[in-house]
Amino acid sequence: MATVKLLSDEELSAEAKAVFDDIRAVRGTYFINNFWRALAHDPALLKATWDRLKVVMAPGALDPLVKEMIYVAVSGTNGCAYCAHSHTASARAKGMTPEMYGELLAVMGMANQTNALASALQVPVDEVFKE
């Protein structure tokens, strides 16, 4: 259960409604997911988060599918079930295949394992990696 009420469209402030309108326009859908409905209690935070997300997730040197897959990996590692589900759905919509998802999970698992081992062993960073 959420720690705050998920606001319906009828309960939004004018500021939050403007952000929801932008989300709908950018995404080309009427659907607003629960994350944004929870953030709508703080319209300034809602706007700042949405504005930053639009910049970070826009096409750039990394294509949108790669960005979604990175989001899935970080969300899984951080234990955020909501973001893992949301961004897995988005990655699939952008073309992630079951084979790509399997490889992503394998890389996540390997990275988590080797990161934990290197941290536990306090392995010093090789000088050639510091450039």
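Only 25% of the 131 residues in the chain come out as buried. The model is a predicted one, and its secondary structure is all about helices: six of them, with zero strands. Read from the N terminus, the order of elements is simply α-α-α-α-α-α.

Overall dimensions come next. The radius of gyration of the chain is 18 Å, against the value near 14 Å that a compact globule of 131 residues would have. Along the principal axes, the C-alpha atoms take up a box of roughly 55 × 35 × 30 Å. Even so, among contacts with a separation of 6 or more, 50% link residues 24 or more positions apart.

As for the inside, the largest nonpolar core has 14 residues, and the members touching the most others are L12, F20, I23, W36, A40, L46 and W50. Two or more residues of this core are supplied by each of helix 1 (14-27), helix 2 (34-39) and helix 3 (43-57). A40 gives a handy view of the packing: with its neighbours within four places in sequence set aside, A40 is in contact with L7, L12, A16, F20 and L46. Another core lies apart from this one; it has eight residues, including L65, M69, A73 and L104.

Turning to the outside, the chain has an accessible surface of about 8900 Å², and carbon and sulfur atoms account for 64% of that surface. On the charge side, there are 12 positive and 15 negative charges, and the mean positions of the two sets sit 5 Å apart.

Terms used: Residues are numbered from 1 along each chain as its sequence is written. This is a predicted model: local features need pLDDT of at least 70, side-chain atom pairs count only at pLDDT 80 or more; totals for chains, interfaces and linings use all residues. Side-chain values use heavy atoms; hydrogens and water are left out. Helices (H or I, at least four residues) and strands (E, at least two) are DSSP runs, numbered from the N terminus. The radius of gyration is taken over C-alpha atoms; the globule rule is 2.2 Å times the number of residues to the power 0.38. Buried means under 20% relative accessible area, exposed over 50%, partly exposed in between (1.4 Å probe, protein chains only). Contact means heavy atoms within 4.5 Å. Accessible areas come from the Shrake-Rupley method with a 1.4 Å probe; for residues, only the protein chains shown count as cover. Lys and Arg count as positive and Asp and Glu as negative; His and the chain ends are not counted. The place of a charge is taken as NZ of Lys, CZ of Arg, CG of Asp or CD of Glu. A nonpolar core is a set of buried Ala, Val, Leu, Ile, Met, Phe, Trp, Tyr and Cys residues joined through side-chain atoms within 4.5 Å.
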